[in-house]
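Ready to practise reading a protein model? Keep the sequence and the 3D view open side by side, and try each exercise before you look at its solution.

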Amino acid sequence: MKMSLPIHPYLSAMNRYDLSESEPASYVPSAEMPFSEVLQAELANGQRVIRAEQILAELDGSTDWDFTDASDTYTTGSSSQTPQNVQGILDKISQVARSYGVDENLVREVVRAESNFNPNAVSRAGAKGLMQLMDATAKSLHVRNVYNPDDNLAGGTKYLRGLLDRYDGNVKVALAAYNAGPGRISRLGIDTDDELEQKYELLPQETQRYVDKIMKRLEPGGTS
């Protein structure tokens, strides 16, 4: 007997990685489908472990399951980082941020939110590396090896720099575009942080959490 279930939470989680409208979707499920097919789709996208809470959330259509928890964002690659490894990545962030004229703290918090400093991180949607670049985005940024910290940081910081320029230095809008895709932000008619605040509820909940988390960490004393 096949069991059908709503998978809107799954769709919401996947939308996170729509960094540009030109990027091809690796998998677009229908509004309802048998759970066995959802499982096969996850496996096809590289998913290897599905937590019980996620299954229950999808079965009852709950929107309370937080797909952004660091322990559930990545599907492959070791997540264990020694203090020495993290410090090495922080040093690289400092260098690349200066190179592209981006606030070092901003780049650091984007990396923390995207991969928690794990250069081997891979999302369910296929975003990879420290700054979680999709293949099409990485290619457009001339990133040769997305798992190489130097290449990934250079590409991701260049992309972030472009978003900051596009939105005239409005950091919240740039972060929302990095997470949800500039196409979605443009369709909502958002160009400034004030406009973003006015239309905040129109953004995906995951994007709202993403922007809030980074902005709070950028406040004085906000970074652990």
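The exercises below go from the whole chain to single residues, and the model they use is a predicted one.

**Exercise 1. The whole chain**

Task: Find how many helices and strands the protein chain has, and what share of its residues count as buried.

Solution:
- Step 1. Start with the secondary structure: the chain has 12 helices and 4 strands.
- Step 2. Turn to burial: of the 224 residues, 46% count as buried.
- Step 3. Look at the contacts with a separation of 6 or more: residues 24 or more positions apart account for 56% of them.

**Exercise 2. Helix 5 and helix 8**

Task: Compare the reach of helix 8 with the value expected at 1.5 Å a residue, then do likewise for helix 5. Which helices do their buried residues pack against?

Solution:
- Step 1. Helix 8 covers residues 149-166, 18 residues in total, and spans 25 Å from its first C-alpha to its last. That is close to the expected 26 Å.
- Step 2. Helix 5 also has 18 residues. Its reach of 26 Å is close to the expected 26 Å.
- Step 3. List the buried residues. In helix 8 they include Leu153, Tyr159, Leu160, Leu163 and Leu164, with Gly155 and Gly156 also among them. In helix 5 they are Ile89, Ile93, Ser94, Val96 and Ala97.
- Step 4. Find the partners. The buried residues of helix 5 pack against helix 6 and helix 8. Those of helix 8 pack against helix 5 (83-100), helix 6 (104-115), helix 7 (135-140), helix 9 (171-180) and helix 10 (182-187).
- Step 5. Check the ends. At the start of helix 8, a side-chain oxygen of Asn148 comes within 2.9 Å of the backbone nitrogen of Asp150. Just after helix 8, Asp168 has a positive phi of about 50°, and helix 5 is followed by Gly101, with a positive phi near 70°.

**Exercise 3. How two helices cross**

Task: Decide whether helix 6 and helix 9 are roughly parallel or roughly antiparallel to each other.

Solution:
- Step 1. Recall what to look for: two packed helices are described by the angle between their axes and the distance between the axes.
- Step 2. Read off both values: the axes of helix 6 and helix 9 come within 12 Å and cross at roughly 30°.
- Step 3. Apply the cut-off: angles under 35 degrees count as roughly parallel. Helix 6 and helix 9 are therefore roughly parallel to each other.
- Step 4. Add the handedness: helix 6 passes helix 9 in a right-handed crossing.
- Step 5. Find the residues that meet: Leu106, Val110 and Glu114 in helix 6 face Val171, Leu175 and Tyr178 in helix 9 as contacts.

**Exercise 4. Two residues with positive phi**

Task: Work out whether Phe117 is buried or exposed, and whether His142 is buried or exposed.

Solution:
- Step 1. Begin with a rule of thumb: most residues other than glycine have a negative phi.
- Step 2. Phe117 has a positive phi, near 65°, and His142 has a positive phi too, near 60°.
- Step 3. Place them: Phe117 sits in the loop between helix 6 and strand 4 (122-123), while His142 sits in the loop between helix 7 and helix 8.
- Step 4. Judge accessibility. Phe117 has a relative accessible area of 5%, so it is buried. His142 has 65% relative accessibility, so it counts as exposed.

**Exercise 5. Contacts in helix 12 and a loop**

Task: Which residues does Thr207 touch, not counting residues up to four places away in sequence? Then look at Leu218 and Gln132.

Solution:
- Step 1. Thr207 lies in helix 12 (residues 205-218), and at 1% relative accessibility it counts as buried.
- Step 2. With those sequence neighbours left out, Thr207 touches Ala176, Asn179 and Ala180. The side chains of Thr207 and Asn179 are joined by a polar contact of 2.6 Å, and their C-alpha atoms are 6.1 Å apart.
- Step 3. Leu218, also in helix 12, is partly exposed at 28% relative accessible area. Not counting residues up to four places away in sequence, Leu218 touches Asn105, Leu106 and Glu109.
- Step 4. Gln132 is in the loop between strand 4 and helix 7 and counts as buried at 1% relative accessibility. A polar atom of its side chain lies 3.3 Å from the backbone oxygen of Ala121, and its side chain reaches the backbone oxygen of Ala127 at 3.5 Å.

Definitions and conventions. Residues are numbered from 1 along each chain as its sequence is written. This is a predicted model: local features need pLDDT of at least 70, side-chain atom pairs count only at pLDDT 80 or more; totals for chains, interfaces and linings use all residues. Side-chain values use heavy atoms; hydrogens and water are left out. The expected span of a helix is 1.5 Å times one less than its number of residues. Buried means under 20% relative accessible area, exposed over 50%, partly exposed in between (1.4 Å probe, protein chains only). Contact means heavy atoms within 4.5 Å. A polar contact is a pair of N or O atoms within 3.5 Å; within protein, one must be able to donate a hydrogen and the other to accept it, and residues adjacent in sequence count only if both atoms are side-chain atoms. Axes are lines fitted to C-alpha atoms, for helices over the stretch in contact, and angles run from 0 to 180 degrees between N-to-C directions. Angles under 35 degrees count as roughly parallel, over 145 as roughly antiparallel, 65 to 115 as roughly perpendicular and the rest as oblique. A crossing is left-handed if the near helix is turned anticlockwise from the far one by less than a right angle, and right-handed if clockwise.
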